[in-house]
Amino acid sequence: MTTAPIPAAPGPPRTYTLTGPEGRPYASATPGTLGGHRPGRRYGRLDCPSALRAIAAGHYVRHRVFFPDEATATAAGYRPCAVCLPEKYRQWKARRTRTP
């Protein structure tokens, strides 16, 4: 005879701090899909090798921000990461060099 596991008691709902299009943080019930580095004003995937190396070395965490999507990250003034979003970065760079 097998017994079903006893479900854990539900805790308070988890909230995540995301950055909005105006660059200000807000509470969300949904986690962000992209991470960013506030001083560098860049965003990328949550599994970005460059960001993970910096975090493992003890850097970056204090300046980490999260976004719900790419449109919000760009509206907040962040640029794509050259490591984990190379094509988006090239497009961003091309637009920048064409701007007078």
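**Exercises on Asp 47 and strand E3**

Asp 47 is located in the loop that links E4 to helix H1 (49–56). The model is predicted.

**Exercise 1.** Determine whether Asp 47 is buried, partly exposed or exposed, and identify the side chain with which the side chain of Asp 47 makes a polar contact.

*Solution.*
Step 1. The relative accessible area of Asp 47 is 46%.
Step 2. Buried requires under 20% and exposed over 50%; Asp 47 is therefore partly exposed.
Step 3. The polar contact of the Asp 47 side chain is with the side chain of Arg 45, at 2.7 Å.
Step 4. As for its position relative to Gly 58, Asp 47 is 11 residues away in sequence and 16 Å away in space, C-alpha to C-alpha.

**Exercise 2.** Establish which strands pair with E3 in the antiparallel sense, and which residues stand opposite Gly 36 and Gly 35.

*Solution.*
Step 1. Strand E4 (residues 42–45) pairs with E3 in the antiparallel sense over 4 bridges. Here Tyr 43 of E4 stands opposite Gly 36.
Step 2. The hairpin of E3 and E4 has 4 residues between the strands, and Arg 41 in this hairpin adopts a positive phi near 50 degrees.
Step 3. Strand E5 (residues 64–67) also pairs with E3 in the antiparallel sense, over 4 bridges. In E5, Phe 66 stands opposite Gly 35.

**Exercise 3.** State whether the faces of strand E3 (residues 34–37) are covered or open.

*Solution.*
Step 1. Side chains in a regular strand alternate between the two faces of the sheet.
Step 2. On one side of E3 are Leu 34 and Gly 36, and on the other Gly 35 and His 37.
Step 3. All of these residues are buried, and both faces of E3 are covered.

Note on methods
Residues numbered from 1 in each chain as written. Predicted model: local features only at pLDDT ≥ 70, side-chain atom pairs only at ≥ 80, totals over all residues. Heavy atoms only, no water. Buried < 20%, exposed > 50% of the residue type's maximum accessible area, 1.4 Å probe, protein only. Helix = DSSP H or I, 4+ residues; strand = E, 2+ residues; numbered from the N terminus. Pairing = 2+ DSSP bridges. Polar contact = N/O pair within 3.5 Å; in protein donor to acceptor, adjacent residues only side chain to side chain.
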